[in-house]
Amino acid sequence: MIVAVLLPRLELTVAVGGRAALLEGPAALAPEPGREQQVGEVSAAAEVFGIHPGMRLGEALSRCPGLALVPPDPLGVADAWEAALAALEDVGAAVEVQAPGLVCFDGAALRRLHGGDGREDPAARLRGRLAGRRQPPGWLDGVVAATRAAVGRPARIGAGPSRFCAVAGAVRARSRRAEIVAGAEDLVAAPVALLRRDPACAGLVEPLERLGITTLGQVAALPRASLADRFGPPGLRARELAVGVDTPLRPRTAGEELQETLDLPEAASGAQLGRALELLVDRLLARRERRGRALRAVVLGARLVEGGTWRSRVVFREPLADPRRMLLVLTGRLATLPAPAESVRLSVERFGPAAAPDTALFDDARAARAARLREAVRQARAAAGPDAALRVLTVDPDSRVPERRAVLTPFEV
């Protein structure tokens, strides 16, 4: 049985921070700079005006002129979400991330760890049968309790035979018990808006509603050929979800956390920010935890002076361990920063294989010297720590404060 955990309005809650009073009125996440002008997650009061995530900003403001726009905080959301995922993995769950705030895992795999003796209460089963409610298996309450304790936030939990059924249960859940959605019968009355939870079908909701199709039961009743003709593969996918069929879970591989952060003494941009990035790359490559591996994907982030944060994921075309090639890619991405930053951060999202030594077609004395120097630096750091080999990096040569003109950064050959 698949279990889905939904943290309602995670992105909006993190972005609001200590201003919780904003959530009592109509509020929505503002569009990220440089992205489509669509609102993000919305508060319950904003939903009353018909505003939903993904709505155009102009339409949202026309429906509710008093709508409060909250600057997004993608860095804070990523940190909070990664902490929640790590806590779930600590209790043994192999998680598949759907979106920030929504995760699925196989609950049956945790039955022996947290399910207790698995015996069901006959009285509760009888009461549920009389009330027309479907009773969950006996071990599910233990798994749900362990999940809530690990997440440490208000969470809605659903369960079902497939991923989509579990997500539908989590959206519907209103109590501390898991909401069970057993299959197509329980999805008949569900609104088609639930298809927004699946990336492949998110664009079908408005066309279906314009055609007068408002429930998943109506979608399931449509012929496959008609859906394929009108909507293509997303239409077929929507019909499969409506009848409770979904693809198997693909749990993520638990990774390591490796990041470097640099607080800037003044609001930085331009060349000064580029030198800060160079310093971050050198520090990241000098970390002992890297163990000689190349970097496949990194995340570049910044905390903006005007409030909010900025985050950009960079996947290298091939695993890199050369700071010059990394800077060529990251400098271009840093140029899209929408405002001056007060701190920048570079973290590793995925490692590649061990960095292969550079090979030349012909014997090159310079390459041999560089290889010997790299080995000497490695041995020095192994004996004396990461600060054993440093170089001077000019950061702000025109600064009146001598200490700000240059910094020491790890030496890389």
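Which residue in β5 does V3 stand opposite? V3 stands opposite F105 in β5, and that pairing is a good place to begin a walk through this model. The model is predicted, so to speak of local features requires pLDDT of at least 70 and side-chain atom pairs count only at pLDDT 80 or more, while totals for chains, interfaces and linings use all residues. Residues are numbered from 1 along each chain as its sequence is written, and side-chain values use heavy atoms, with hydrogens and water left out.

Let us start with strand β1 (residues 2-6); helices (H or I, at least four residues) and strands (E, at least two) are DSSP runs, numbered from the N terminus. β1 pairs in the antiparallel sense with strand β5 (residues 102-106) over 5 bridges, and also in the antiparallel sense with strand β6 (residues 156-160) over 5 bridges; two strands pair if DSSP finds at least two bridges between them. In β6, the residue opposite V3 is A159. In a regular strand the side chains alternate between the two faces of the sheet. Here I2, A4 and L6 point one way from β1, V3 and V5 point the other way, and all are buried (under 20% relative accessible area; exposed is over 50% and partly exposed is in between, with a 1.4 Å probe and protein chains only).

Next comes T309, in strand β10 (residues 309-320). T309 has a relative accessible area of 5%, so it is buried. Its side chain joins that of D73 through a polar contact of 2.7 Å; such a contact is a pair of N or O atoms within 3.5 Å, where within protein one must be able to donate a hydrogen and the other to accept it, and residues adjacent in sequence count only if both atoms are side-chain atoms.

Now to the helices. In α13 (residues 233-242), G235, R237, A238, L241 and A242 are buried. They lie on the same side of α13 because they cover an arc of only 160° around the axis, taken from the directions from the helix axis to the C-beta atoms. These buried residues pack against α8 (163-172), α9 (184-187), α11 (216-221) and α12 (224-231). Just after α13, G244 takes a positive phi of about 85°.

Helix α12 holds R224, which counts as partly exposed because its relative accessibility is 43%. Leaving out residues up to four places away in sequence, R224 touches L236, R239 and E240, where contact means heavy atoms within 4.5 Å. The C-alpha atoms of R224 and L236 are separated by 6.5 Å, with the two residues 12 apart along the chain.
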